[in-house]
Structure formats: structure tokens, C-alpha cells
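Reader: I should be grateful for a close look at a single part of this model, namely one loop and its surface. Please set the account beside the secondary structure described elsewhere in the chain.

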Amino acid sequence: MIVLLAAAALATPSFDPTTTDAVFAGAEVYDATGSIQLWSRIERHVDSDPALFAAGEFNTVTAWADNTAFAPWIGTCFGSGTPDGSAFLLHEGVRAATASGTPILFVPGAGDNASRGFVTMATRMDLSGRPVYALTFSHPHGDVFEQAEIIADAIARIRERTGAPEVDVVSHSKGGISVAIYLSHHAAADWGDTRYEAVGTHYRGDVRRAVFIATPLGGIDTGYRWPLANLIGTSADTAYAPSSWRTYYPYTTSVPGIATDLREQDFLPSSGDLFPGQRQLLLRQDYAVPGSLPWLGAYALQPDWYTTYEGGYGYYSYSDGIDAAIEAGGNVIDRVTATGVDPSVDLYVLAGQNPLMPNGTEDLLVSFFGAEWVDIATAGVDVWSSLVADATGDGLISAGITDDEVHGLSSGDLILGEISGPSDGLVFVTSATAGDRLTARGAEVVETYVANLSHLDLLYASPITGSLLIAEAEADPLENRWMAAVGARYIEADTLGWVERVLADEVVDTGGDTGGDTDTDTDTDTGGDTEEDTDAPDDTGPVVDTDTGDDAPKPDEEGCGGGCAAPGQPGGAGTLALALAGRALARRRRA
């Protein structure tokens, strides 16, 4: 039976889900300190189909370095810091040998890997006894069609490992677009990509539920909206994100003889292609660009904002414009909309509506908004308070940013992300909640949950992590006062509990004293409606406490709540500390 199942699960002809290219179960499955085990094993696989996969282009930022945040062994496992697009890593949960139920595959976003963004959520599901797997793609900004095929391969491998007929897939940000492509792919699909149409695996009916977290289902236009960041990426070797300029003229376009060619790192693949997956996410958004909003102050100082977006020569640059980049990317977002996910898959959408983002490095601040951010930061609390008040009054961000969080902005611990429209700091709420773009063939969005969190915080929020943040604020109120407000939002939103609820397996009611009734019950029913739920999760699906059984876990003396395992084990105090550190954005920009 298992042999037949494996045969049916084959993806591209060159991929064999019964074998591995390499397996790692030593230091590679631990965190950077070597004290916290994150996985039971990491497998390297290769899908060497010559018609689909190609060698990617890397720079010093996108290559897998030995000191990659939270995953120092990624390059080692790949066998190279610049692996071929055909390779991928499949990480298996610590308790996989004793796990049961529907397996869960976690798919990361741009610039991420299995051991960073999803470490807290994956650990929680691993503790609950579910088989847990997570992907690391070879390129952090790779082509979405290549990555869609890798997802098909990973699912085939998981089915072979577990014997399960279906898996649940949880994706974040850009990763969700590749998931949607696989779930939508069929013989008549028009993707504008002849490679994928020729050999890409048609959806095989092997996904039960798909959760899209902060996924730009309606596209993004960040690179064209905030052109000041282009000044940080004038060197291809150190660019963190694609440039929306083709050419930069440091002495203005009146001196055309002195110019910097940005074609190697721009959105269009004319000279190089360092960020192939980014142009595939592009779509115009229905909000005024920051350069046209003078009340934004220094945020509005975006050079050549009109010509960057619409195309043409500006004072300092030449841009092909967003429409040319959308066309070069194949207009993927609209193609996903036209194709539609297979109707057998239940869809869930999780979005954030708070633009207050954690700031891991000063580089991120500058790369996202440009050097002008530094002027705002050094101006102090009063300037931030005024900017927040203006943004709230104009309806661009939700009310509720506290004084303590304003202090977090002025100290540089928090960054106010995308505020030219309601967003999670990177993706507009209207885009992240555009579940109707997946339903052309009748698939149903069972539930949409909009939480008061930012793009990355959606991956970490629970009563446990919230309590830990509040404890940090109480221990050092001068330095960490901002953590109290963020922690309170974590507790209220409890996105980890929401994901656990919507993915819960059915529970068989043995009947007890009702006469041996064997009816099947499930706690994932949200009432059958598809209305947007903007409140915190309710009593329809209680959060499962995976350790003590307490309904309201509180931190204990070791800083570990009721859902924690022993220190040094996934879910223990060490992992939770790692999760809190993981809130800080790594240098690779996510989308």
C-alpha cells in the first residue's frame, strides 16, 4: 500500500520521494548555541529536472553564510552557500517518531528559512503531537514556480515518510504564493511560464487545509512605493532587496556621463537576476504613494517618487516603472486569481493590521525607508507622537499605539513600517486578506482572522510569548517598556492558538454513557461562514495547552509558561527565548 502511495506521489519525473541526497542529525539540528534541539533530522533533496530548475544568482547577502541567523548550518546542509535551485532542505520535528495525525508542512517567506520565522509555531505543533515538517528553499528570493514544484516534492516526501494521504500547509508571506500556485495547477492552467506548464506537478489532491499568513494575495508594490531605499542598494553585491531604478545618477540626470548601472539588482532581469521571485509578487496597490503625502514629513522625502512608480527619467534616476516589472514577472498575482485553488482544499487567511515592526538591525531601517529614518529617530518622542497621531487621524494605521510603543520607536527597538495604507508593516491589509483571489474554481475561505500584529509578530503571538515580553518589560522598564504593550497584543491575538485550532484533527467521540456513539466531531468548525473575523479567537476553538493542561498558562520561575517542555527542549524556556529573539527582523528583507 505504501509503495503504491509513494508511486502516486511522484512529482517531476526526476524526483524520487523514497530517497534522500543527504541526511543530517548532528549539530545541524540544533540552534547556534548547540543547546536547543530544533529538529530530529534535516534531509537534503534534489529535483534535478533540467526543464524547470536553474542555478540561482547570489550576492553576499543572499548566500547562506556560516553565521546565518538562527540557522548556522544551512550552507553546510546544502553543501554550498550558493546551492542550485533544484535543491531543498526538509526539516523534521523533534517528536516525529511518535507523532500522529495529519502532517503539517511550514513554508517560509522571502529571506527566511525553516529554523527562523516558524521556529515557535512549529515547536508548538510538534509538542501537540502532530508530525511537523518545514522547508528551506535554496534561494531566499527564488522563482515562485520553482518553489511551487519544491512544495509538491516536499509533500510527496512527507506522504512517503508518514503514509498520510493529505497534509496541512502553513505558509508565510511570499511562500504563500508558491503554495497557491501548486494548489491551483492543472493541465489547462495558463501561468505564462512554459517550463512550469510543461513539467510542473498538477495538484494531486494531497492537501487538506492551507493557511496563508501575511501572504500578499493581492500583490505588493513596496519597492516602487519607497524609492529612497534604492540608494542603499547601489552595489549589487550588498543589495538586500531589488532596486526599482535601472540607473542611478549621483550628480542628477543632467550629468548622464556619471551613472551607476543597477540592472544586476533591479526588478527586471535584464543583466542579472538576484531577486527573481520579487517581481512575481508585484501588483499596483490602491493607496497614494508616500511622496505625494507631505504630512509624512521625512517619510515623504522619496526621490523621484512619481517617475519611479510610473517610469521615466527623474532627477536622480531612470525607472522602467512598475507596469514593466509586473509584465516581466509574468503578472503572477492575476494569473493565480484567474486559475483558482482546487475546490477540495479548505483555505484559512491570517493577516496583521499593526505596522509596528521589530527592528533587528539598523540596516533594515535604512534599507526599507532610507537614511531619512535616522533623522526621525534622533528627533525624539515628540516627532514620533505627531507622526503616529497624523497617521491614525488619516485612517492609515489603526488606533491603539501606546506611549510605551512610541518610546520604542524613538529608541529604535520598533520601526513604523508601511503607513501609506493599513498594513502589517510590509503587506497592506487589503492584499493579505484578498482570499477571494484564490476561489475562482470554488475553493472556500473558511475563516479570515485579522490580528493587531505586524508581519512577523503573526508567527509568534500567544499568551506564553506575550507574558514573557511583559516580564521583560517589568524587569527593565526603562529599556524595555515597549515590550509590555507588544506582549499585551500577543496575548490578545494568540495567533498560535488560532493556527492550532484551525488545523486540529477530528476527534472521535466514543460515546461514553451515550451508548457507544461513534460520531466524529471536530473543533475546527467556525460556523461555516466566510465573513472576516477581526476579533481575537473565541471559544469555538480553545487553545490546546500541550503540557500542563492549564487553561491560562502563566510563566513559571524559569520564565516558561504552561505550554513549555523541559529547558533545552523545543517549547522549553530556551526555545521561547530564541523565539523572542526571532522577532527581530534578520537582514534579509521579507515580502
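Author: The following account begins with the loop and then turns to two strands and a helix. The model is a predicted one.

The loop in question lies between strand 8 (247-248) and strand 9 (260-261), and Ile258 is located there. Together with Tyr251 and Val255, Ile258 forms a nonpolar patch on the surface, and the accessible area of the three together is about 280 Å². Ile258 counts as partly exposed because its relative accessibility is 40%, a value in between the 20% and 50% cut-offs.

Thr252 is also found in the loop between strand 8 and strand 9. Its relative accessibility is 10%, and Thr252 therefore counts as buried. When neighbours within four places in sequence are left aside, Thr252 is in contact with Tyr315 and Tyr316.

Elsewhere in the chain, strand 12 (residues 346-352) and strand 15 run parallel and are joined by seven bridges. Within this pairing, Leu347 stands opposite Val445 of strand 15. Strand 15, which comprises residues 444-451, is mostly covered, with seven of its eight residues buried.

Helix 17 spans residues 463-475 and has 13 residues; the distance from its first C-alpha to its last is 18 Å, close to the 18 Å expected at 1.5 Å a residue. Buried residues in helix 17 include Ile464, Leu468 and Ala473, and among the others are Thr465, Gly466, Ser467 and Leu469.

Key: Residues numbered from 1 in each chain as written. Predicted model: local features only at pLDDT ≥ 70, side-chain atom pairs only at ≥ 80, totals over all residues. Heavy atoms only, no water. Patch = residues over 30% accessible without salt bridge, like charges linked within 9 Å, V, L, I, M, F, W, Y side chains within 5 Å. Areas by Shrake-Rupley, 256 points an atom, 1.4 Å probe, with all protein chains shown as cover. Salt bridge = Lys/Arg side-chain N within 4 Å of Asp/Glu carboxyl O. Helix = DSSP H or I, 4+ residues; strand = E, 2+ residues; numbered from the N terminus. Buried < 20%, exposed > 50% of the residue type's maximum accessible area, 1.4 Å probe, protein only. Contact = heavy atoms within 4.5 Å. Expected span 1.5 Å × (residues − 1). Pairing = 2+ DSSP bridges.
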